[in-house]
Amino acid sequence: MNKVRRLCLVLGDQLSFDLASLQGLNTERDAVLLVEVMEEASHVPHHPQKITLVFSAMRHFAKALQQRGVQVRYVTLDDPQNTGSVPSELRRWQSLMQPDELHLNECGDWRLEQSLKDSGLSIQWHADTRFLCSRTEFACWAEGKKQLRMEFFYREMRRKSGLLINGDGTPVGGSWNFDAENRKALPKRVIAPLPARFSADSITQEVLALVGKHFAHHYGSLDSFDYPVTHADAQALWEYFLDYGLAAFGDYQDAMASDEPFLFHARISAALNIGLLDMRQLCSDVEAAYWSGSIALNAAEGFIRQLIGWREYVRGIYWLKMPDYANSNFFGNSRPLPGFYWTGETKMNCMRQAIGQSLEHAYAHHIQRLMVTGNFALLAGIAPSQICNWYLAIYMDAYDWVELPNTLAMVMHADGGYLGSKPYCASGQYIKRMSDYCRNCEYKVSESTTVDACPFNSLYWHFLMRHSDLLYGNQRMGMVYKNLQRMPDSKQQALWQRGEALLAKLDAGESL
Ligand code: SF4
């Protein structure tokens, strides 16, 4: 095997031609290495569609690099020489090719980055320039702050990027955030566009067969895989959203509807997180759509905030606080994750819908994750590590840097309020307001203490009662605790008992 000057390892979530580690490649003397490894596919039971996406996109990316004249070494999962982990493969290829230099972009997972740093290999690390805010820049911003708030970070990123900023540095429209206009329920007359679908080419079909063979025991369906695996198809998905989804996305981004898994959501997060789309280009396209008059400011600002605000913010916190962050457990939760998270077999229609579509499509939108499956886990006192692993496994777009802070801190408030100022807990009334799920549920959302009462109702009050020592002093929880105090003792007791009965069922391994 020819000796090379530089060997660049590209991971499955780094499929971008713009990676810092790929700049200045010499096609004669340098090579790129991509490896499909069992450890990354199975350290949690990743959804088979997610594994398919990553492997197929890696194979397409390798082909695209070769078409650009780059020397590529590619190791498939079933290669008999495959040693099964990223560090061991890198060691093997270093020994085979004897490169002068090993180059690698920062990882998206602390566990993997640490294992590479511990591998004894001499690696030249590159910052992940796909993000607007570097790890160092975020650490500087956070320094000295006891609590961080996304809103202030987001303003910094708006100024830095210049997105939706007037010439005098003020925000377009006079406000930084139009979220209050983005919380509409879906009216009956509003019809969501059909989802864009992408058929499997021969490469994807090969990967589907491979994944079907090796990961049939992982939860989730492989049948409905229809996701883009190339830059061109990811761009087509994005343009479909610009044409048919974006205008209504702002208004209805928090809405949920039965048997409507995607509504007006772009469904681009998985492609973005593995490098098939470029965050700066997406923001620029959305800003252009606003200036052209085709979308309202709340839609444009809401989308841009997700990308340069929330997405960058959670990444910054992840790298600032890991590895101890992963063990945060503010409420001391220890209840195992109920089995119905893996099957969708529950009488709670909202949970059945959100889990069912997650198993079928490896996708649910942010409110389904935060206010349905996440809200239930928070109210039921599920161990944070178990619900974090579920999100990491089940969602096509879930990588540790984005999944962990979102689940651990935003969903479970397990960091005690470092990332967000209050727990996102809600009764069934929120779900009723934002969806049609309650209309077809065996439980009654109008009831709290009867045997057929919505479990979210009593569990909500049970959560507030059992953690009053930790939450009572939180200014943003003042109103709900006042409401609790105004309740007659008999009502409080009935809510507590109903909550206890539901938790006992979970502890007995029963579904709700
Ligand atoms: Fe969910 Fe309760 Fe509504 Fe049923 S009644 S769908 S459990 S919120």
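**Exercise 1. Is R267 buried or exposed?**

Solution. Start with the cut-offs: buried means under 20% relative accessible area, exposed means over 50%, and partly exposed is in between (1.4 Å probe, protein chains only). R267 has a relative accessible area of 9%, so R267 is buried.

Before you go on, a word about what you're looking at. This is a predicted model, where local features need pLDDT of at least 70, side-chain atom pairs count only at pLDDT 80 or more, and totals for chains, interfaces and linings use all residues. Residues are numbered from 1 along each chain as its sequence is written, and side-chain values use heavy atoms, with hydrogens and water left out.

**Exercise 2. Find the backbone oddities around D259, R267 and P323.**

Solution. Step one is the background: most residues other than glycine have a negative phi, and most peptide bonds are trans.

Step two, look at phi. D259 isn't a glycine, yet it has a positive phi of about 55°. R267 isn't a glycine either, and its phi is positive at about 60°.

Step three, place them. Helices (H or I, at least four residues) and strands (E, at least two) are DSSP runs, numbered from the N terminus. D259 sits in the loop between α9 (246-252) and α10 (269-273), and R267 is in the loop between α9 and α10 too. D259 is exposed because its relative accessible area is 67%, while R267 is buried at 9%.

Step four, check the peptide bonds. M322 and P323 are joined by a cis peptide bond, with omega about 10°. You'll find P323 in the loop between α12 (297-321) and α13.

**Exercise 3. Work out how strands β1 to β5 pair up.**

Solution. The rule is that two strands pair if DSSP finds at least two bridges between them.

Take β2 (residues 30-35) and β3 first: they run parallel and five bridges join them. Within that pairing, L34 has Y74 in β3 as its bridge partner. Strand β3 (residues 71-75) has four of its five residues buried.

Now try β1 and β4, which run parallel with four bridges; here C8 is partnered by H103 in β4. On to β5 (residues 123-126), which pairs with β4 in the parallel sense over four bridges. L104 has W125 of β5 as its bridge partner.

How many residues of β4 (residues 101-105) are buried? Four of the five are, so β4 is largely enclosed by the rest of the structure.

**Exercise 4. Describe the surroundings of L22, L370 and S427.**

Solution. Contact means heavy atoms within 4.5 Å; neighbours within four places in sequence are left aside for L22, for L370 and for S427.

- L22 lies in the loop between β1 (6-9) and β2. L22 counts as buried because its relative accessibility is 8%. Its contacts are C8, V10, S16, F17, V32 and F61.
- L370 belongs to helix α14. L370 is buried, at 10% relative accessibility. It is in contact with N375, M410, V411 and Y424.
- S427 is in the loop between α16 (400-411) and α17 (428-434). S427 is buried as well, at 14%, and it touches F456, N457 and Y460.

**Exercise 5. Explain why helix α15 counts as largely enclosed.**

Solution. Count first: eight of the 11 residues of α15 (residues 384-394) are buried, so the helix is largely enclosed by the rest of the structure. Among the buried ones are W390, Y391 and L392. Next, ask what covers them: the cover includes α2 (48-67), α13 (349-361), α14 (366-379) and α16.

**Exercise 6. Describe the domains and the ligand shell.**

Solution. Domain bounds come from an automatic or database domain assignment. The chain is divided into domain 1 (6-126), domain 2 (135-193 + 245-318) and domain 3 (339-507). The contact between domain 2 and domain 3 takes 32 residues from domain 2 and 33 from domain 3.

Buried area is the accessible area (1.4 Å probe) that two parts lose on being put together, summed over both. For domain 2 and domain 3 that's about 2,800 Å², and carbon and sulfur atoms give 61% of it.

Last, the ligand. Residues count as near it if one of their heavy atoms lies within 4 Å. The residues around the ligand include M348, C350, G428 and Y437. The shell divides into nine nonpolar, one polar and no charged residues, where Ala, Val, Leu, Ile, Met, Phe, Trp, Tyr, Cys and Pro count as nonpolar, Asp, Glu, Lys and Arg as charged, and the others, Gly among them, as polar.
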